[in-house]
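Here is a short report on one protein chain. Look at the structure first, then read on.

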Amino acid sequence: MKKIIPIALALVMLTGLFAGCAPANTGEEDVLKVAAIETAYGSEMWQRVCDAFTEQTGIQVELTTDKNLEDVISGPMQNGEYPDVVHLATGRPAGLTEQMIKQNGLHSLENVLSMTVPGESKKVSEKIAGGFTDTSLTDPYGDGKTYLAPMFYSPCGLFYNQKLFQAKGWTVPTTWDEMWALGDKAKAEGIALFTYPTAGYYDAFMFALMYSIGGAVFFDKATHYEPGIWDSAEAKILFSILDKLADYTHEKTPAQANNQDFTKNQLMVMQNEALFMPNGTWITSEMANAEATLTNDFAWGMTALPAVKAGGDGYSFCWFEQAWIPAGAENKEAAEQFVAFLYSDKACDIFANTQIKAEDGSTKKSNAIQPVLGVADKLEGENKLFFSIYDNGAKAAMGGFAAFKEIPGVDVSSVFFQPIDSLVAGTLTIEEYAANIKKASEQMRANLLS
């Protein structure tokens with residue numbers, strides 16, 4: 001799962017670090033401390049990348065990985081003991097990365113972007129795919145500088161059973177009107193139109209929906225809390241779709257939308273109890289064991305969110321993880337070299353092709369894909385299908401809510417996403433949901449970080 005992940009999400013995390021030494025040409029013994037969350041990709045790929053970095057630069061690295069990385073590093077960080085490089089995305093329940101952002105605790109990566117990738121001739125900025133450093137997920141303060149390095153990316157969208165659609169002769173909807181019509185048709189056969197793993201998965205879903213309704217203009221205004229934006233015509237369309245979709249969502253979804261039972265909601269799609277669910281490309285690895293028990297009547301399909309009107313654009317949100325250097329890190333120069341190396345062809349190959357051993361003894365590729373130009377050309381199978389979504393007419397949506405100072409009892413997830421459970425359960429009206437968003441948005445705007 002992405003965020004037991006984010007991310008998620010369905011996902012997530014890492015174990016122990018600290019030691020090392022410095023570049024051989026300094027004569028000093030330093031520790032380059034790298035801490036990385038252990039997700040479904042596994043942790044072996046990180047050790048291999050660290051070893052490759054040492055081989056290339058002579059800088060020794062001691063790695064810490066853990067599935068609950070925050071529990072491992074947050075205590076020492078409070079005492080001023082920081083890792084030099086951290087791979088930990090925003091959007092996780094503990095919110096450690098968000099805390100670092102709010103505390104202005106991140107080191108600028110502008111030097112990294114201008115660096116030549118160790119062992120190569122290209123600069124980091126020449127290797128990262130377009131758009132990934134032009135988003136609030138990497139530039140949280142909106143000052144034109146990169147503070148979080150874009151890491152493993154995954155197109156998000158609506159996942160479904162291709163075989164069911166083929167058997168029924170159904171066409172994947174390209175507009176919301178077509179979606180509602182299909183929902184009525186499916187309901188007549190005892191199948192819900194929609195489900196979701198947890199309400200946290202509404203982040204990528206809602207962001208793509210904002211883009212499909214009003215493009216980047218509406219998205220930017222909404223995620224930067226512009227006055228009156230939640231009373232706009234675009235916002236009314238968004239609330240209308242969320243309200244209607246709640247009526248078409250499987251009734252068991254909210255009760256199972258938690259870290260223990262979220263796979264039951266994902267199984268609804270695999271077992272034809274629901275047609276669509278929002279998710280990311282990690283879903284195939286996460287549900288591989290369940291898929292193996294199914295007959296030949298199942299095959300993953302993925303589509304972008306429908307357009308609001310015929311002829312409009314459908315959007316797929318691109319979710320990606322982040323790496324960063326704490327402002328309190330002791331070895332910033334070596335840390336910058338390490339982050340630059342993450343975009344090398346060698347690192348990309350290791351991240352994508354490290355073999356992961358499953359519980360049944362079988363192995364599979366890690367398939368952790370870096371946002372590096374041309375890297376997706378080397379993929380095959382389902383990943384080729386998923387990562388080619390932007391080649392098949394969908395537009396990419398990227399970004400997130402602007403960072404703001406800590407507000408007691410107010411955060412993005414509890415305001416925008418978690419209430420979806422109550423909306424689907426019928427204990428919260430769309431009017432109450434909208435009113436809460438308007439109130440919280442005013443507070444967020446008043447406490448924006450700059």
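N272 is found in the loop between α11 (262–270) and β7. Helices (H or I, at least four residues) and strands (E, at least two) are DSSP runs, numbered from the N terminus. N272 is not a glycine, yet has a positive phi of about 65°. With a relative accessible area of 27%, N272 is partly exposed. Buried means under 20% relative accessible area, exposed over 50%, and partly exposed in between (1.4 Å probe, protein chains only).

This is a predicted model: local features need pLDDT of at least 70, side-chain atom pairs count only at pLDDT 80 or more, and totals for chains, interfaces and linings use all residues. Residues are numbered from 1 along each chain as its sequence is written, and side-chain values use heavy atoms, with hydrogens and water left out.

**Confidence**

pLDDT is the predictor's confidence in each residue, from 0 to 100. The chain has a mean pLDDT of 90. Of its residues, 93% reach 70 or more. Over residues 2–28, pLDDT stays under 50. For that stretch the model has 132 contacts beyond four places in sequence. Contact means heavy atoms within 4.5 Å. Where pLDDT is low, the predicted coordinates should not be read in detail.

**Strand β5 and its partners**

Strand β5 covers residues 149–161 and is mostly covered, with 13 of its 13 residues buried. Two strands pair if DSSP finds at least two bridges between them. The table lists the partners of β5.

| Partner of β5 | Sense | Bridges | One residue pair |
|---|---|---|---|
| β9 (residues 315–324) | antiparallel | five bridges | S154 and W319 |
| β7 (residues 274–280) | antiparallel | four bridges | C156 and G280 |
| β8 (residues 300–303) | antiparallel | four bridges | Y160 and G301 |

N161 also lies in β5. At 2% relative accessibility, N161 counts as buried. Which residues does N161 touch, not counting residues up to four places away in sequence? They are V269, N272, L275, D297, F298 and A299. N272, the loop residue met at the start, is among them.

**Strand β2**

Strand β2 spans residues 32–37, and six of its six residues are buried. In a regular strand the side chains alternate between the two faces of the sheet. In β2, L32, V34 and A36 point one way. K33, A35 and I37 point the other way, and all are buried. Six bridges join β2 to strand β3 (residues 60–66), and the two run parallel. I37 has D66 of β3 as its bridge partner.

**Helix α8**

Helix α8 runs over residues 202–223. How far does α8 span between its end C-alpha atoms? The span is only 14 Å. A straight helix of 22 residues would span 32 Å at 1.5 Å a residue. The expected span of a helix is 1.5 Å times one less than its number of residues. There is also a kink of about 125° in α8, centred on G214. The bend at a residue is the angle between axes fitted to the seven residues ending there and the seven starting there. Of the 22 residues of α8, 17 are buried, so the helix is largely enclosed by the rest of the structure. Y225 follows α8 and has a positive phi, near 60°.

**Another loop residue**

N104 sits in the loop between α3 (96–102) and α4 (110–114). N104 is not a glycine, but its phi is positive, about 55°. Is N104 buried or partly exposed? At 47% relative accessibility, N104 counts as partly exposed.

**Helix α15 and the cysteines**

Helix α15 covers residues 345–353. Its buried residues include A347, C348, I350, F351 and A352. Elements that cover the buried residues of α15 include α1 (44–57), β5, α14 (332–341) and β11 (363–365).

A disulfide is a covalent bond between the sulfur atoms of two cysteines. Here it is counted as a pair of cysteine sulfur atoms within 2.5 Å. How many disulfides does this rule give? The count comes to zero. C348 is in no disulfide, and the nearest cysteine sulfur, that of C318, is 14 Å away. C348 counts as buried, at 7% relative accessibility. C50 counts as buried too, at 1% relative accessibility.
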